Amino acid sequence: MSQPLASVDRDGIRVLTLNRPEARNALSRSLVESLFDALCAADDDESVSVVVLTGADPAFCAGVDLKEAARRGRDYFEVYESHNCVTRVGQMRTPVIGAVNGPAFTGGLEIALGCDFLIASERAIFGDTHAHVGILPGGGMTARLPQLVGAAMARRMSMTGEIVDARRAERIGLVTEVVAHGDLLPRALELAAQIAAVPRTTMRGLKEIYRRGSAAVIDPALAAEQGIAGSQVPAEDLDQAYRRVTERNRRQR
């Protein structure tokens with residue numbers, strides 16, 4: 001059985017790949033734990049100057065594994081109390097480039113939003129479908145999405161659940177660049193190499209300046225989001241959410 005997360009080092013660049021393609025890289029407990037541990041390890045590793053975060057095709061990340069969450073209930077969500085990989089991306093001292101290779105939905109979009117910036121494959125699509133499957137965001141959606149696309153567009157995405165393709169994502173400021181699918185990782189590595197060329201202490205200082213500059217807005221918004229959303233959802237609600245997602249995906253095929 002393959003590992004839920006793949007990690008490869010390239011000249012100071014650590015490439016982390018969400019590796020559950022058969023489940024569209026949905027966040028199983030094992031993937032949550034693996035990603036959290038890998039992010040912490042990268043932050044503590046003096047040889048790592050930048051992280052590139054991507055997914056195994058065909059998706060970047062579908063968010064919470066609703067099927068597993070419905071089956072395990074509270075036990076599923078307890079892992080986020082000690083290994084919250086979604087919020088951990090945004091807490092990194094090491095720069096993180098998100099290379100979005102395919103769909104990034106709900107918690108997957110929140111993971112992407114925690115990166116310092118995103119580049120996208122032409123196959124990438126983005127959606128905040130939390131409300132439409134009956135779950136509130138709790139990983140930074142309402143804190144970070146308005147910072148990139150503006151308050152009105154963020155509310156529109158969250159309230160309507162509409163899907164934004166790569167080109168439109170670039171126009172509204174969600175991603176910084178769109179490239180051909182086969183060029184995504186090479187381009188991400190090219191940008192990562194430019195970051196890695198800067199002394200690590202200097203780059204970490206620069207990132208900390210940016211973090212402090214946005215903290216006055218993001219931190220209270222994130223606290224409010226987590227306070228309202230909570231970390232526990234009844235298993236029956238998750239089961240219904242899984243059914244709604246399955247039916248929505250079926251109609252879109």
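Let's start in a loop: Pro58 is found between strand S3 and helix H2 (66-72). The peptide bond that leads from Asp57 to Pro58 is cis, with omega near 20 degrees. Most peptide bonds are trans, and most residues other than glycine have a negative phi. The model you are looking at is a predicted one, and Pro58 is a handy place from which to explore it.

**Backbone details in the loops**

Which loop holds Asn25? Asn25 lies between S2 and H1, and its phi is near 55 degrees, a positive value in a residue other than glycine. Asn25 is also buried, with a relative accessible area of 0%.

Thr106 has its place in the loop between strand S5 (103-105) and helix H5 (107-113). Its phi is positive too, about 45 degrees, although Thr106 is not a glycine. Is Thr106 buried or exposed? With a relative accessible area of 9%, Thr106 is buried, because buried means under 20%. Leaving aside neighbours within four places in sequence, the residues in contact with Thr106 include Ala62, Gly63, Val64, Asp128, His130 and Met141.

A glycine joins the list as well: Gly150 follows helix H6 and has a positive phi near 90 degrees. Here are the three phi values side by side.

| Residue | Place | Phi |
|---|---|---|
| Asn25 | loop between S2 and H1 | near 55 degrees |
| Thr106 | loop between S5 and H5 | about 45 degrees |
| Gly150 | follows H6 | near 90 degrees |

**The chain as a whole**

Stepping back, the protein chain has 11 helices and nine strands. Its radius of gyration is 17 Å, close to the 18 Å that the globule rule gives for 253 residues, so the chain is as compact as a globular protein of that length. Along its principal axes, the C-alpha trace spans about 50 × 40 × 35 Å.

Of the 253 residues, 50% count as buried. The chain exposes about 11800 Å², and carbon and sulfur atoms supply 53% of that area. Among contacts with a separation of 6 or more, 74% join residues 24 or more positions apart.

**The open sheet**

In what order do the six strands of the open sheet stand? The order is S1-S2-S3-S4-S6-S9, and the pairing is mixed. Strand S1 (5-10) and strand S9 (177-179) are at the edges with a single partner strand each, so one side of each has no neighbour in the sheet. On average, neighbouring strands are turned by 20 degrees against each other, direction ignored.

Strands of a sheet pair through backbone hydrogen bonds, either parallel or antiparallel. Both senses can be seen here. S1 pairs with strand S2 (residues 13-18) in the antiparallel sense over six bridges, and Ser7 stands opposite Leu16 in S2. S2 and S3, by contrast, run parallel and are joined by six bridges, with Thr17 opposite Thr54 in S3.

S3 deserves a closer look. Six of its six residues are buried, so S3 is largely enclosed by the rest of the structure. Val50, Val52 and Thr54 point one way from S3, while Val51, Leu53 and Gly55 point the other way.

**Helices around the sheet**

Helix H1 (residues 29-44) packs on the sheet and touches S1, S2 and S3 (50-55), its direction making about 175 degrees with that of S2. Helix H9 (residues 184-196) lies across S1, S2, S3, strand S4 (96-100), strand S6 (117-121) and S9, and runs at about 155 degrees to S6.

H6 (residues 141-149) has Met141, Ala143, Arg144, Leu145 and Val149 as its buried residues. These pack against helix H4 (85-90), H5, helix H7 (151-160), helix H8 (166-172) and helix H10 (200-229).

**The nonpolar cores**

In soluble globular proteins, nonpolar side chains tend to be buried together. The largest nonpolar core in this model has 49 residues, and Leu27, Leu35, Leu53, Ile111 and Phe126 are those with the most contacts inside it. H1 gives the most to this core, with seven residues. A second, separate core of 15 residues includes Val52, Ile97, Ala99 and Val179.

Phe126 makes a good last stop. Leaving aside neighbours within four places in sequence, Phe126 is in contact with residues including Val100, Phe105, Leu109, Ile163, Leu174 and Val175.

Conventions: Residues are numbered from 1 along each chain as its sequence is written. This is a predicted model: local features need pLDDT of at least 70, side-chain atom pairs count only at pLDDT 80 or more; totals for chains, interfaces and linings use all residues. Side-chain values use heavy atoms; hydrogens and water are left out. Two strands pair if DSSP finds at least two bridges between them. Helices (H or I, at least four residues) and strands (E, at least two) are DSSP runs, numbered from the N terminus. Axes are lines fitted to C-alpha atoms, for helices over the stretch in contact, and angles run from 0 to 180 degrees between N-to-C directions. Contact means heavy atoms within 4.5 Å. The radius of gyration is taken over C-alpha atoms; the globule rule is 2.2 Å times the number of residues to the power 0.38. Buried means under 20% relative accessible area, exposed over 50%, partly exposed in between (1.4 Å probe, protein chains only). Accessible areas come from the Shrake-Rupley method with a 1.4 Å probe; for residues, only the protein chains shown count as cover. A nonpolar core is a set of buried Ala, Val, Leu, Ile, Met, Phe, Trp, Tyr and Cys residues joined through side-chain atoms within 4.5 Å.
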